[in-house]
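Reader: I'm new to reading protein models. Could you walk me through this one and explain the words as we go?

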Amino acid sequence: MRYVASYLLAALGGNASPNAKDIKKILDSVGIEADDDRLNKVISELNGKNIEDVIAQGIGKLASVPAGRAVVVSAAPGAAAPAVGSAPAAAEEKKEEKKEESEESDDDMGFGLFD
C-alpha cells in the first residue's frame, strides 16, 4: 500500500510517470526503507496508465464488495448524500424498537436480573 500511495503522491505532484528513484525519495522522507521487488511490481503495473482511469476502475470494483450494510458507491459526489441522510433516521427507529423490547422483557418476568 505504501508503494501505491507514494506513486500516487508523485503523480499528484505533477510527475506523470514516477520511477523507482522518485518513489524511494518519498518513502525515505518518512523513514521507510523500500523493498525493490515490491516497488518494481507497482511501477510496472501502473507505468503508462492514467491514474484517474485506474482509480475509476477501482471504485467500480469496490461497488461489488459486500459491506455490513447496503451502501451505494457512485463516482458522482452528490449521489451518496441522500443515503447518508436516511441512515440516522433508521438508527433512531432501531433504538426506539430496542428500548421497547427491553421494557417488555422486564415486565414478562416480574423481576429484574439484578434485583
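Reader: How many helices and strands are there in the protein?

Author: This is a predicted model, and it has 5 helices and 0 strands. Going along the sequence, the pattern reads α-α-α-α-α.

Reader: What share of the residues counts as buried?

Author: That's 12% of the 115 residues. As for the surface, about 9400 Å² is exposed, and carbon and sulfur atoms supply 56% of that.

Reader: Why is Leu27 called buried?

Author: Let's set the value against the cut-off. Buried means under 20% relative accessible area. Leu27 has 2% relative accessibility, so Leu27 counts as buried. You'll find Leu27 in helix 2.

Reader: What does Leu27 touch, leaving aside neighbours within four places in sequence?

Author: Leu27 is in contact with Arg2, Tyr3, Ser6, Ile32 and Ala34. Take Tyr3 from that list: it sits 24 residues from Leu27 along the chain, and the two C-alpha atoms are separated by 8.1 Å.

Reader: And what makes Asn50 partly exposed?

Author: Partly exposed is what lies between the two cut-offs, under 20% for buried and over 50% for exposed. Asn50 has a relative accessible area of 38%, so Asn50 is partly exposed. Its place is in the loop between helix 3 and helix 4 (51-62). The C-alpha atoms of Asn50 and Ala16 are 8.3 Å apart, with their positions 34 residues apart along the chain.

Reader: Which residues make up the largest nonpolar core?

Author: There are 10 residues in all: Tyr3, Tyr7, Ile23, Leu27, Ala34, Leu39, Val42, Ile43, Leu46 and Ile51. Helix 1 (2-12), helix 2 (20-29) and helix 3 (36-46) each supply at least two of them, and helix 3 gives the most, with 4 residues.

Reader: What does Ile23, one of that core, touch?

Author: Not counting residues up to four places away in sequence, Ile23 touches Tyr3, Ser6, Tyr7, Pro18, Leu39 and Ile43.

Reader: How do you know that helix 1 and helix 2 are roughly perpendicular?

Author: Look at the angle. Their axes come within 9 Å and cross at roughly 110°. Angles of 65 to 115 degrees count as roughly perpendicular, and therefore helix 1 and helix 2 get that label.

Reader: Which residues meet where helix 1 and helix 2 touch?

Author: On the helix 1 side you have Arg2, Tyr3, Ser6, Tyr7, Leu9 and Ala10, and they meet Ile23, Ile26 and Leu27 in helix 2. Sorted by kind, the residues of this contact are 7 nonpolar, 1 polar and 1 charged.

Reader: One last thing. What share of the contacts with a separation of 6 or more comes from residues 24 or more positions apart?

Author: Those residues account for 41% of such contacts in the protein.

Conventions: Residues numbered from 1 in each chain as written. Predicted model: local features only at pLDDT ≥ 70, side-chain atom pairs only at ≥ 80, totals over all residues. Heavy atoms only, no water. Helix = DSSP H or I, 4+ residues; strand = E, 2+ residues; numbered from the N terminus. Buried < 20%, exposed > 50% of the residue type's maximum accessible area, 1.4 Å probe, protein only. Contact = heavy atoms within 4.5 Å. Areas by Shrake-Rupley, 256 points an atom, 1.4 Å probe, with all protein chains shown as cover. Core = buried A, V, L, I, M, F, W, Y, C linked by side-chain atoms within 4.5 Å. Axes fitted to C-alpha atoms, helices over the stretch in contact; angles between N-to-C directions. Parallel < 35°, antiparallel > 145°, perpendicular 65-115°, else oblique. Nonpolar A, V, L, I, M, F, W, Y, C, P; charged D, E, K, R; others polar.
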